[in-house]
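Here are my comments on the model you sent, set out as numbered points. Please read them with the structure open beside you.

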Amino acid sequence: MMAGRSGWRALAPAGLLVLVLAGSVASAQAPREAEPNTRVPEGDRGHAAGAYPDRIATSPAQDAATGFAVAWRTDARVQAPRLQIAPADDSPDIGEGRPRVVEATTRPLDTRNGRAHQHRADVDGLQPGTLYAWRVEGHRTWSPWFHFRTAAADAAPLTLLYFGDTQNQNTSLVTRVVRESRRWAPDARLALFAGDLVSGGGAGMGADDDEWAEWFEAASGLPEDIATAPAVGNHEFHQAHEDTPQETRVLSPHWPLAFALPRNGAPGFEDTTYWFDYQGVRFVVLDGTSILDLDGGPAQARWLDHVLTGNPHRWSVVQIHQPLYALRFDRDYAPLREHLAPVLRKHHVDLVLQGHDHGYGRRPLDEDARAGTPQLVVSVVGAKQYRLGPQALATMAPIGEDTQLFQVLRFDGPVLRYEARTATGRLYDAFELHDDGDGGSKRLVETEEGRIAPRRCTREASLKGREDRCWE
């Protein structure tokens, strides 16, 4: 909705106070005007890299109890910056003025905003369950000191946040969801993103750089403070040689540089798959686009089987962008089921966290195991929303359309508690998984109290102004 200039009015739908400009309230009959995907004016280069470090993100090491990694950006004057780190205490003289120094590696990235240098520092040898203060270097300047707590050495209570696709209008409409999630989970130590963080694929001179800038703006305060673990989505790729026999998917140059992810992925897909352990949970992140479009199914399935075979933990979570079962009526992901479902069953994976279909839906992997695991969940954060198809309506419950969501997961010994909440914090879905100690599937316990009714889409067009996104 475009802002007017005639003063503020207060509206309070569903008990929530929202401030809008009075002149911006359109009549019900007025045609809907699509909001721009980014706030960047034509020809503006306001997101150019500078001397000061920005786009700072922490990610877990393979063993999150002893290490983490940091990615950040500066302009091209910065060649080999440093990270400083020390155990955090209450004195401003951090590390008694002699913090440990970690040298970063640097790679260039050319975009419509000019050349940037992307940096990565891998920090190891840390103590489990310890709060550290750290900062990264720019050109004759430093970032603020941030705090990061390593994971406990053994299984311990863990709270994490899970987000579906952000993708569109990140600053405008994703910001509020991220901030609401922090209110509901101030103790979150880990953030999972199910792919399609942006809508551009990085073709040419990195035209999606403005979108990446606004993703980091929307997520501000989250990737600096807690370990961030995204899956790659199809919108992190672009089409090369389109409409020719050589057509293929090419990974965006931003993806391997924007996050300092563990370097332990599937052979041939090292930039887009990885795994790590965090306080009694093994997390495995897959690349669904490469399975569907680049014949990556066999290699990723073998690798997933290997990673889960060595899992010493009670819990296992798999994250992938495309869902094994579609929410939209015109989609099917049979190659994902063909290659991945046997491995998920074999290792009794507890949760599969997904995105891509821009709605909400939950179902078990197998219909005859509705009371057990794996539980497959699809969710969405961003503005682009899809209608659910009849197959999703018949096989998933609960389901939802036209709703921005975030998820809070709490692992506590033999119980996993899952909540899906709306952008205003209302409970949309909730369940528990209980480990009865038999070494098989966990027992599902639905949590009905406090849930709101599933929301159906009533708009004729999405916030992007496209009639094919919210159809009857």
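1. In this predicted model, F259 touches A57, S59, A71, R120, L197, W212, W215, F216, T228 and P230, leaving aside residues up to four places away in sequence. F259 also belongs to the largest nonpolar core, which has 79 residues, and within that core W134, F259 and F283 are the residues that touch the most other members. Apart from this core lies another, of 26 residues, with V284, A301, V343 and L376 among them. In soluble globular proteins, nonpolar side chains tend to be buried together.

2. An open sheet of seven strands, with mixed pairing, follows the order β16-β17-β18-β19-β21-β20-β22. Because β16 (274–278) and β22 (399–400) stand at the edges and have a single partner strand each, one side of each is left without a neighbour in the sheet. Within the sheet, β18 (residues 315–319) and β19 (residues 351–354) pair in the parallel sense over three bridges, and V318 has V352 in β19 as its bridge partner.

3. Helix α5 (residues 297–309) packs on this sheet, where it touches β16, β17 (281–285) and β18, and its direction makes about 170° with that of β17. The helix has 13 residues and reaches 18 Å from its first C-alpha to its last, which is close to the 18 Å expected at 1.5 Å a residue. Its buried residues are G297, A299, Q300, A301, W303, L304, V307 and L308, and what covers them includes β16, β17, β18, α4 (288–293) and α6 (334–346). A301, buried in α5, is also one of the members of the 26-residue core.

4. A further open sheet consists of four strands in the order β6-β5-β9-β10, with antiparallel pairing. Its edge strands are β6 (100–103) and β10 (146–149), each of which pairs on one side only, and the twist averages 30° from one strand to the next. Strands β5 (residues 82–87) and β9 (residues 131–136) run antiparallel and are joined by five bridges, with V136 in β9 as the bridge partner of L83.

5. For the chain as a whole, the secondary structure comes to seven helices and 26 strands, and buried residues make up 56% of its 472 residues. Among contacts between residues at least 6 apart in sequence, 68% join residues at least 24 apart. The chain exposes about 19800 Å², of which carbon and sulfur atoms supply 50%.

How values were computed
Residues are numbered from 1 along each chain as its sequence is written. This is a predicted model: local features need pLDDT of at least 70, side-chain atom pairs count only at pLDDT 80 or more; totals for chains, interfaces and linings use all residues. Side-chain values use heavy atoms; hydrogens and water are left out. A nonpolar core is a set of buried Ala, Val, Leu, Ile, Met, Phe, Trp, Tyr and Cys residues joined through side-chain atoms within 4.5 Å. Buried means under 20% relative accessible area, exposed over 50%, partly exposed in between (1.4 Å probe, protein chains only). Contact means heavy atoms within 4.5 Å. Two strands pair if DSSP finds at least two bridges between them. Helices (H or I, at least four residues) and strands (E, at least two) are DSSP runs, numbered from the N terminus. Axes are lines fitted to C-alpha atoms, for helices over the stretch in contact, and angles run from 0 to 180 degrees between N-to-C directions. The expected span of a helix is 1.5 Å times one less than its number of residues. Accessible areas come from the Shrake-Rupley method with a 1.4 Å probe; for residues, only the protein chains shown count as cover.
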